[in-house]
Amino acid sequence: GFNALIAGCVLTWTKTWARPHLVLLPFAWLAGLSPLFILLTTHPGLRNVDIGVSFVWVALALGGAQSGAVRFRYRLLAIPLGALLTLNDPWFVTAFAVPAAAAALLVRERPAQPGGRREWLLAPALAVAGVGLGFGLRSLIDATGIVRFVGGEQDLRIVGLDRLGFNLRLAAEVLLRYFNAWIFGPPPSAWAGLNAALNLALCAAGIAGLFAGARSRDVLIRRISVFTLLSLALGMGAFVFTNAPTDVWSGRYIVLAPVAVAVGLAVGLSLWQARRPALRRGALGLIAVAVVAHTLAIGDTMSQLRNPARLANQRRIFEALAGAGLAYGYSDYWNSLNNTFMSAQTLPVRTVYCEAGRLRPRNWWSQSRWYAPNPEHRPSFVLFNLTEPTDLDACQGDKLVQQFGPATRLSIDRGKQRIAEVLIWDYDIASRFAP
């Protein structure tokens with residue numbers, strides 16, 4: 001769905017309805033790009049619907065009437081849509097609102113055209129109004145305590161040099177995995193190796209297409225190309241220089257990188273058809289071969305997407321927790337969600353994070369009552385899933401004993417493998433969470 005929304009926007013921007021293959025082929029390539037990209041864009045809790053709808057917002061915000069795209073009264077719909085997207089996740093501000101406003105300021109209509117002097121101010125105004133309304137709604141809803149929106153984004157901060165190396169390495173790994181070019185895992189098959197080479201070549205072609213679009217005579221194509229380049233740069237900068245990177249799953253914050261390449265390929269193909277036909281034919285050929293290679297490598301892709309051991313581990317953890325008479329606990333982001341879902345809400349596990357060796361509530365899409373001390377939430381526990389990445393490493397063992405007092409330990413095995421460790425207290429540890 002999100003792929004179709006973005007492709008539809010790009011078809012409109014490039015005016016290639018008579019030659020739709022120039023846009024549809026790059027997005028067909030994107031659809032089967034790599035196991036990580038498929039996983040992060042098909043998981044309902046990650047980056048799928050909001051990416052596609054955000055591109056619709058960009059079409060409304062940047063599609064000036066003088067560019068022949070969107071009428072003024074329809075562009076006003078960007079305000080409520082921007083508010084909803086900001087309400088959903090402030091990531092929208094960095095990835096879409098700021099780059100779109102900047103693109104409109106940098107690429108203006110010619111003053112000689114009617115309304116051209118003022119039209120470029122509309123996109124920034126729409127962005128400010130939508131984002132402002134969204135944050136207002138978030139604060140209002142948060143004040144009720146029914147749902148906590150505010151909190152998660154406040155945990156982000158600029159990192160020091162000691163963390164920068166880790167962030168750069170993780171960013172490089174995520175990007176290579178997105179383009180199926182990570183060479184440090186199991187030996188790839190011949191088709192997977194061909195996939196990687198083609199994907200990296202198309203990545204370079206897509207970036208070249210965006211720079212070509214940024215020099216186009218068409219105002220709308222210039223705006224979209226500049227927007228995409230700015231969004232890519234801001235997203236990468238926010239990822240590298242903040243504490244957002246924790247594991248490969250956090251690569252969802254830079255999932256726009258492969259999307260930007262697909263947009264660049266479509267823009268480039270639409271421009272090169274007249275000026276550089278040989279380049280256009282070469283790029284189309286590469287994309288067609290890459291789509292075939294994706295199809296032939298589908299066995300490798302599916303084997304990486306399927307992980308029956310993960311589901312079996314989650315089921316075993318739930319059975320062990322229930323068998324020990326536990327009914328309320330805390331864990332990291334992913335394990336808290338998975339275990340709560342697995343138990344059908346009968347054994348809630350709430351999300352916490354570690355800072356300075358102390359556990360804190362993760363106030364993101366949560367309810368304030370989840371972290372309010374409750375005598376019924378006893379015994380309470382902290383779960384460490386040893387088979388999955390966690391951001392609680394700095395809060396294990398003695399750190400938790402210092403914060404909450406002596407604990408009973410429960411080890412959970414599946415077969416001969418130890419898959420989880422649980423620390424249990426006979427009271428609700430929420431009363432000692434760090435503020």
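**Exercise 1. Determine whether Ile 254 is buried or exposed, and describe its surroundings.**

Solution. Ile 254 has a relative accessibility of 3% and therefore counts as buried; buried means under 20% relative accessible area, exposed over 50%, and partly exposed in between, with a 1.4 Å probe and protein chains only. The model is predicted: local features need pLDDT of at least 70, side-chain atom pairs count only at pLDDT 80 or more, and totals for chains, interfaces and linings use all residues. Residues are numbered from 1 along each chain as its sequence is written, and side-chain values use heavy atoms, with hydrogens and water left out.

Next, locate the residue. Ile 254 lies in the loop between helix 12 and helix 13; helices (H or I, at least four residues) and strands (E, at least two) are DSSP runs numbered from the N terminus. Then list the contacts, defined as heavy atoms within 4.5 Å. Not counting residues up to four places away in sequence, Ile 254 touches Ala 171, Val 174, Leu 175, Tyr 178, Gly 235, Met 236 and Phe 239. Finally, the C-alpha atoms of Ile 254 and Ala 95 are 9.0 Å apart, across 159 residues of sequence.

**Exercise 2. State which side chain of opposite charge is nearest to Arg 252, and which backbone atom Arg 252 reaches.**

Solution. Arg 252 lies in the loop between helix 12 (219-241) and helix 13 (256-275), and Asp 247 lies in the loop between these two helices as well. Arg 252 is buried without a salt bridge, and its nearest side chain of opposite charge is Asp 247, 5.5 Å away. Here Lys and Arg count as positive and Asp and Glu as negative, while His and the chain ends are not counted. A salt bridge requires a side-chain nitrogen of Lys or Arg within 4 Å of a carboxyl oxygen of Asp or Glu.

Turn now to the backbone. The Arg 252 side chain reaches the backbone oxygen of Trp 249 at 3.1 Å, whereas the Asp 247 side chain reaches the backbone nitrogen of Trp 249 at 3.0 Å. Beyond its neighbours within four places in sequence, Asp 247 is in contact with Leu 170 and Pro 389.

**Exercise 3. Give the strand order of the open sheet and identify its edge strands.**

Solution. The six strands follow the order 3-2-1-4-6-5, with mixed pairing; two strands pair if DSSP finds at least two bridges between them. Strand 3 (358-361) and strand 5 (408-414) are the edges, each pairing on one side only. Strand 2 (residues 349-355) and strand 3 are antiparallel over four bridges, and Arg 358 in strand 3 is the bridge partner of Glu 355.

Add the helices. Helix 16 (residues 308-323) packs on the sheet, where it touches strand 4 (380-385), strand 5 and strand 6 (417-425). Helix 17 (residues 333-342) lies across strand 1 (328-331), strand 2 and strand 4.

**Exercise 4. Analyse the salt bridge between Glu 421 and Arg 409.**

Solution. The side chains meet at 2.5 Å, N to O. Glu 421 belongs to strand 6 and Arg 409 to strand 5, so the pair ties together parts twelve residues apart in sequence. Glu 421, at 17% relative accessibility, counts as buried, while Arg 409, at 47%, counts as partly exposed. Salt bridges with shared partners join Arg 409, Arg 418 and Glu 421 into one network.

Definitions and conventions:
Axes fitted to C-alpha atoms, helices over the stretch in contact; angles between N-to-C directions. Polar contact = N/O pair within 3.5 Å; in protein donor to acceptor, adjacent residues only side chain to side chain.
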